[in-house]
Structures are given as C-alpha cells and as structure tokens.
Amino acid sequence: MDSKRPIPRAPDPRPSNLHHLLMLNLDAMGAFAIAEQLGLALAHHELRDLAFDVEAEKSTDQLILKELMLEMAAVSILYGERV
C-alpha cells in the first residue's frame, strides 16, 4: 500500500497568541482607565493625564489588532488557511 497521505501539520500557535494579546491589551486598557478615574477622584492631574494618554494608545492598539483579525479571517475563508 503505497498511498500518499498528506503530512499532518503542527498546530499553528498564532491564533492563541493573537487572542492572548487581545485579552492582555483589554486588561491593560481597564487598568489604565481605573488609574485615570483615580487621578480624577484624587485631583491628581499628572496621573490622570498619563493614564489617559496610555489608555488612548492602548485603544488604538486594540483597533489595529481587531483589523488584523478581520484581515486574517478573510484570508482563512477565501484561501482555506488556518489563522
């Protein structure tokens, strides 16, 4: 029996890494939002401004990650690749 079988591919670690990155970024956004609220409550303007800037940057990062996921999903559907 010399039938050709496809060689099984190892699981692709990228989806779990991307999912993990999304969750970590959301956690960071929440932590800096709390720091911003504490800065507002305690009238600590430097803390508020710093936390707001980091939170805004994390929000931008989250949008970029979501866009990447959308593009990867389209490639997966169109070309049958695992993402």
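1. A good place to start is helix α2, which has 35 residues and reaches 51 Å from its first C-alpha to its last, close to the 51 Å expected at 1.5 Å a residue. Please keep in mind that this is a predicted model. The buried residues of α2 are A51, E55, Q62, L65 and M72. As general background, an α-helix has 3.6 residues a turn, so residues three or four places apart point the same way. Just after α2, G80 takes a positive phi of about 70°.

2. Now for the overall picture. The protein chain holds 2 helices and 0 strands. Of its 83 residues, 17% count as buried. The exposed area of the chain is about 7,000 Å², and carbon and sulfur atoms supply 65% of that area. Among the contacts with a separation of 6 or more, 55% come from residues 24 or more positions apart.

3. Which residues does Q62 touch, not counting those up to four places away in sequence? They are L22, N25, L26 and M29. Q62 belongs to helix α2, which covers residues 45-79. Its relative accessibility is 5%, and because buried means under 20%, Q62 counts as buried.

4. N25 is a residue to look at alongside Q62, as the two are in contact. N25 sits in helix α1, and its relative accessibility of 5% is why N25 counts as buried. Leaving aside neighbours within four places in sequence, N25 is in contact with K58, D61, Q62 and L65. One polar detail deserves a look on your screen: a polar atom of the N25 side chain lies 3.1 Å from the backbone oxygen of K58.

5. E55 is another residue of helix α2. Is E55 buried or exposed? At 19% relative accessibility E55 counts as buried, because the cut-off is under 20%. Leaving aside its neighbours within four places in sequence, E55 is in contact with M29, F32, A33 and E36. The C-alpha atoms of E55 and M29 are separated by 5.5 Å, although these two residues are 26 residues apart along the chain. M29 also appears among the residues that Q62 touches.

6. Charged pairs make a short list here, since the count comes to 1 salt bridge. D49 forms a salt bridge with R48, and the closest N and O atoms are 2.9 Å apart. How do these two residues stand with respect to the surface? D49 has a relative accessibility of 37% and so counts as partly exposed. R48 is partly exposed as well, with a relative accessible area of 25%.

7. What kind of surface patch do I34, L38 and L42 make? They make a nonpolar one of about 330 Å². L38 is found in helix α1, residues 14-41. With 45% relative accessibility, L38 counts as partly exposed.

8. Finally, a word on the link between the helices. A43 lies in the loop between α1 and α2. Most residues other than glycine have a negative phi. A43 has a positive phi of about 55° although it is not a glycine. Its relative accessibility is 54%, so A43 counts as exposed.

Terms used: Residues are numbered from 1 along each chain as its sequence is written. This is a predicted model: local features need pLDDT of at least 70, side-chain atom pairs count only at pLDDT 80 or more; totals for chains, interfaces and linings use all residues. Side-chain values use heavy atoms; hydrogens and water are left out. Patches are made of residues with over 30% relative accessible area and no salt bridge: like charges are joined within 9 Å, nonpolar side chains (Val, Leu, Ile, Met, Phe, Trp, Tyr) within 5 Å. Accessible areas come from the Shrake-Rupley method with a 1.4 Å probe; for residues, only the protein chains shown count as cover. A salt bridge is a side-chain nitrogen of Lys or Arg within 4 Å of a carboxyl oxygen of Asp or Glu. Helices (H or I, at least four residues) and strands (E, at least two) are DSSP runs, numbered from the N terminus. Buried means under 20% relative accessible area, exposed over 50%, partly exposed in between (1.4 Å probe, protein chains only). Contact means heavy atoms within 4.5 Å. The expected span of a helix is 1.5 Å times one less than its number of residues. A polar contact is a pair of N or O atoms within 3.5 Å; within protein, one must be able to donate a hydrogen and the other to accept it, and residues adjacent in sequence count only if both atoms are side-chain atoms.
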